[in-house]
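Colleague: Mind if I quiz you on the labels you put on this fold? I'd like the reasoning behind each one.

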Amino acid sequence: MPGKRIFITGGASGLGKAIALKYAGAGYRVCIGDVNQVRGAETAAELTASGCDAFFIRCDVTRLEDLLAVKDEIINRWQGVDLVVNNVGIAGTAGPIDQVGVDDWQQVLDINLLGVVRGCQVFTPLFKQQGSGFFVNIASAAGLINAPQMSSYNVSKAGVIALSETLKHELAPFNIGICVACPAFFQTNLTESMKSTIDGLPARVDRLMAHSRINAADIAEDIYAAVQNNSFWVLSHKAERRLWLIKRFLPFVFDALMKKKIAKLFTPPRAANNTDSLPEKTG
Ligand SMILES: NC(=O)c1ccc[n+]([C@@H]2O[C@H](COP(=O)([O-])OP(=O)(O)OC[C@H]3O[C@@H](n4cnc5c(N)ncnc54)[C@H](O)[C@@H]3O)[C@@H](O)[C@H]2O)c1
């Protein structure tokens, strides 16, 4: 019997590729969509060489017509799809709110948030028709913790979390499942797309990614388990999971931690000192 079917946006690199390899190993047929044709073709070749029924299709998640074409191609080849992973994301432009332009905001929201919206819009009617399906939306711990200097990225990921929470209950009556992954830093090619108005910030983010104890394959494993168990949250990094719980249940402790530790990771030294001299917020 042919295996189940998965479509992954941004499947040519990083987490998307790790998810493709995990599901290929589990016997799935795999379609990856990406704007990077070289890496897409390489990943598809790697999947096919492992014995997987896999193909790459060029797909830009900012173009609804690209996602519709993927859906048609998948129906032609496989008559349907079981799992759609809305994984594409870019780092966007980091920097203070008064230095990052609206054009940069529009780009990051168009890719990170509306890309996920389009993926859900295109595949929900097919899932409804099939009477089953599952969305995996890739957000970030950034959308839960909201560290300074990263406003457009944080907002895009908080939006993916809000969308996923909304659809969890909206789509459940149609037997459509959903989970949202909120990883912290791990090593990928993400900073290739990062711009910053702060000198040295992309290099600092690169170092945080390089020092992560968790890699893309670990997160792919957690996602696989969440889909199997129909669990909603995928929070692979222990420290960020703890921080999120502190934020929800002990908000004053969270504010103190943000001020003393987290904010400094993203803030240039002079601005960090200025922040220290501000009076404590009370509300
Ligand atoms: N790496 C991290 O530390 C980290 C942390 C938290 C969340 N994430 C999220 O994980 C997801 C995967 O990112 P990654 O870290 O593997 O990065 P990556 O850059 O290695 O992979 C992203 C892929 O998306 C593709 N892509 C970019 N724009 C596209 C578009 N418009 N249409 C189609 N494909 C496009 C790129 O070509 C690339 O292959 C993203 O949503 C990212 O925000 C990453």
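Modeller: Fire away; we'll go through the sheet, the helices on it and a few single residues, bearing in mind that this is a predicted model.

Colleague: Start with the sheet. What is the order of its strands?

Modeller: It's an open sheet of seven strands, running β3-β2-β1-β4-β6-β7-β9 with parallel pairing.

Colleague: And what makes β3 and β9 edge strands?

Modeller: Each has a single partner strand, so β3 (54-58) and β9 (233-234) both have one side left without a neighbour in the sheet.

Colleague: How do you know that β1 and β2 pair?

Modeller: The cut-off is at least two bridges between the strands. Strand β1 (residues 5-9) and β2 have five bridges, in the parallel sense, so they count as paired. For particular positions, Ile 6 stands opposite Val 30 in β2, and Phe 7 has Cys 31 of β2 as its bridge partner.

Colleague: Why is β2 called mostly covered?

Modeller: Buried means under 20% relative accessible area, and six of the six residues in β2 (residues 29-34) are buried. Both faces are covered, too: Arg 29, Cys 31 and Gly 33 sit on one side, with Val 30, Ile 32 and Asp 34 on the other, and all of them are buried.

Colleague: Which helices lie on these strands?

Modeller: Helix α1 is one of them: α1 lies across β1, β2, β4 (83-86) and β6 (133-138). Helix α3 (residues 64-78) also packs on the sheet, where α3 touches β1, β2 and β3.

Colleague: What would you call the direction of α1 against β1?

Modeller: The angle is about 170 degrees. Angles over 145 count as roughly antiparallel, so α1 is roughly antiparallel to β1. For α3 against β3 the angle is about 155 degrees, so that pair is roughly antiparallel as well.

Colleague: Why is α1 called oblique to α8?

Modeller: Helix α1 (residues 14-25) and helix α8 (residues 216-229) pack at about 55 degrees, with their axes 8 Å apart. An angle of that kind falls outside the parallel, antiparallel and perpendicular ranges, which makes α1 oblique to α8. As for handedness, α1 passes α8 in a right-handed crossing.

Colleague: What sort of residues make that contact?

Modeller: By class there are 11 nonpolar, one polar and two charged residues. From α1 the contributors include Leu 15, Ala 18 and Ile 19, and from α8 they include Ile 219, Ile 223 and Val 227. Lys 22 of α1 and Glu 221 of α8 are also in the contact, and both residue types count as charged.

Colleague: What about α3 and α4?

Modeller: Helix α3 and helix α4 (residues 102-130) pack at about 35 degrees with axes 9 Å apart, and the crossing is right-handed. Among the residues that meet there are Leu 67, Leu 68 and Ile 75 in α3, and Val 122, Phe 123 and Leu 126 in α4. By class, that contact has eight nonpolar, one polar and two charged residues.

Colleague: On to single residues. Why is Ala 20 called buried?

Modeller: Ala 20 is in helix α1. The cut-off for buried is under 20%; Ala 20 has 0% relative accessibility, so Ala 20 counts as buried. Leaving aside neighbours within four places in sequence, Ala 20 is in contact with Ile 8, Val 30, Ile 32 and Leu 47.

Colleague: And what makes Asn 86 buried?

Modeller: At 2% relative accessibility, Asn 86 counts as buried. Asn 86 is in strand β4 and, not counting residues up to four places away, touches residues including Thr 9, Val 116, Phe 135 and Asn 137.

Colleague: Why is Asn 146 called partly exposed, and why is Asn 230 called exposed?

Modeller: Exposed means over 50%, and partly exposed lies between 20% and that. Asn 146 has 35%, so Asn 146 counts as partly exposed, while Asn 230, at 53%, counts as exposed. Asn 146 is in the loop between α5 (142-145) and α6 (151-171); Asn 230 is in the loop between α8 and β9.

Colleague: What is the phi of each of those two?

Modeller: Asn 146 has a positive phi of about 60 degrees although it is not a glycine. Asn 230 has a positive phi of about 55 degrees, and it is not a glycine either.

Technical notes
Residues numbered from 1 in each chain as written. Predicted model: local features only at pLDDT ≥ 70, side-chain atom pairs only at ≥ 80, totals over all residues. Heavy atoms only, no water. Axes fitted to C-alpha atoms, helices over the stretch in contact; angles between N-to-C directions. Helix = DSSP H or I, 4+ residues; strand = E, 2+ residues; numbered from the N terminus. Parallel < 35°, antiparallel > 145°, perpendicular 65-115°, else oblique. Left-handed = near helix turned anticlockwise from the far one by under 90°. Contact = heavy atoms within 4.5 Å. Buried < 20%, exposed > 50% of the residue type's maximum accessible area, 1.4 Å probe, protein only.
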